[in-house]
Amino acid sequence: MTGSIPVPGIPFALTPSQGSAWSADAAAGTLRVTADPHSDIFVDPAGAGASGETGGQVNAETLLNAVTLLADAPEGDFQLSARVRVSFRSTFDAGVLLLWLNRAYWAKLCFEFSPDGEAMVVSVVNREVADDANAFVVEGEEVWLRLSRIGRVFAFHASLDGTRWSMIRAFALDTPGATARIGFEAQSPTGDGCDVIFSDVAFTAGTLGSLRDGS
């Protein structure tokens, strides 16, 4: 495992997944990575469990091999946000804010390239198997994403300008013995990789005032 990486805007270092090549530029305030070909974090809701097996057969729609950059979430309420830009090339290419408990329990907020060739905000919550929910189409190659914790609840928000935020979903996610980890992910499930830039990264300790008032 490679060493931890300090990321501009975050007061603690994050650890990259093995073999990944994340690059943080303090002067530019950016975090860059290239997604590996045919990589994703997804567990097919058609029947696969987190092991990727259905009836003894490996399910090709289950992948847990995307590059990640994660740290243990600090105690208490917080918000983690970033402006995300993706050089979309193939369906489901995405830059992601990731909440990770273990292989069976995780959630992600994605800026993703849809099968219709549109950039979209998409969210997934995995409890043994994944759901998959499209939020809205984004004109252009960037959007702001935010992950918050409010007590036992996590929330995903997205913004077109980094100022007014739309709630994507709120949910509870926990499992005994698991420590919540937060950070970033990049994926290219159907393609040969994509470049992702996270900028305006910010971590704020404290409670989000409201889930639904745009703040």
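# A walk through the strands and cores

Strand β8, residues 67-72, is mostly covered: 5 of its 6 residues are buried. Keep in mind that this is a predicted model. β8 is a good place to start, for its partners lead on to other parts of the chain. It pairs with β1 in the antiparallel sense, over 2 bridges. In that pairing, Thr-15 stands opposite Leu-70 of β8. β8 also runs antiparallel to β18, and here 6 bridges do the joining. Look for Thr-68, which stands opposite Glu-185 in β18.

Now step back to Leu-14. This residue lies in the segment before β1, a strand that covers 15-16. Is Leu-14 buried or exposed? Its relative accessible area is 1%, and buried means under 20%, so Leu-14 counts as buried. Which residues does Leu-14 touch, not counting those up to four places away in sequence? There are contacts with Ser-4, Ile-5 and Val-7. Leu-69, Leu-70 and Ala-71 are touched too. Ile-182, Gly-183 and Phe-184 complete the list. Distance along the chain and distance in space can be set side by side here. Leu-14 and Asp-72 are 58 residues apart in sequence, and their C-alpha atoms are 8.3 Å apart in space.

Next comes the sheet. Seven strands are easiest to follow in order. This open sheet of 7 strands runs β2-β3-β19-β9-β15-β16-β17, with antiparallel pairing. Which strands form the edges? They are β2 (23-25) and β17 (166-172), and each pairs on one side only. From one strand to the next, the twist averages 20°. Start at the β2 edge. β2 and β3, the latter made of residues 30-34, pair in the antiparallel sense over 3 bridges. Asp-25 has Thr-30 of β3 as its bridge partner.

Thr-30 turns up again in the contacts of Ser-199. Find Ser-199 in strand β19. With a relative accessible area of 10%, Ser-199 is buried. Leaving out residues up to four places away in sequence, Ser-199 touches Gly-29, Thr-30, Ala-82 and Arg-83.

What about the nonpolar interior? The largest nonpolar core holds 50 residues. Which of them touch the most other members? Leu-99 and Phe-184 do. Take Leu-99, and set aside its neighbours within four places in sequence. Leu-99 is in contact with Trp-106, Ala-107, Leu-147, Phe-154 and Phe-171, and also with Leu-173, Ala-180, Arg-181 and Ile-182. There is a second, separate core as well. It has 15 residues, among them Leu-70, Leu-98, Trp-106 and Ala-130. Leu-70 is the residue that stood opposite Thr-15.

Aromatic rings come next. The structure holds 8 aromatic pairs. Begin with Phe-88 and Phe-111. Their ring centres are 5.0 Å apart and their planes meet at 70°, so this pair is edge-to-face. The cut-off for that label is planes over 60 degrees apart. Where do the two residues sit? Phe-88 lies in the loop between β9 (78-86) and β10 (94-102), while Phe-111 lies in strand β11 (residues 105-113). The pair therefore ties together parts that are 23 residues apart in sequence. Both Phe-88 and Phe-111 are buried.

Compare the rings of Phe-184 and Phe-198. Their centres are 4.8 Å apart and their planes are at 55°, so the pair is tilted. Phe-184 belongs to strand β18 (residues 181-187) and Phe-198 to strand β19 (residues 195-205). The pair links distant parts of the chain, 14 residues apart. Phe-184 has a relative accessible area of 0%, so it is buried. Phe-198 is also at 0% relative accessibility, and therefore counts as buried.

Aromatic residues can also gather in a group. Phe-12, Phe-78 and Phe-203 form one aromatic cluster. A ring can have a charged residue over it, too. Arg-146 lies over the face of Trp-165, at 4.5 Å from the ring centre.

Finish with Glu-139. It is found in the loop between β14 (133-138) and β15 (142-150). Is Glu-139 buried or exposed? Its relative accessibility is 74%, so Glu-139 counts as exposed. Glu-139 and Asp-195 are 56 residues apart along the chain, and their C-alpha atoms are separated by 18 Å.

Technical notes. Residues numbered from 1 in each chain as written. Predicted model: local features only at pLDDT ≥ 70, side-chain atom pairs only at ≥ 80, totals over all residues. Heavy atoms only, no water. Pairing = 2+ DSSP bridges. Helix = DSSP H or I, 4+ residues; strand = E, 2+ residues; numbered from the N terminus. Axes fitted to C-alpha atoms, helices over the stretch in contact; angles between N-to-C directions. Core = buried A, V, L, I, M, F, W, Y, C linked by side-chain atoms within 4.5 Å. Buried < 20%, exposed > 50% of the residue type's maximum accessible area, 1.4 Å probe, protein only. Contact = heavy atoms within 4.5 Å. Phe/Tyr/Trp six-rings, centres within 6.5 Å; stacked < 30°, edge-to-face > 60°. Lys NZ or Arg CZ within 6 Å of the ring centre and 35° of its normal.
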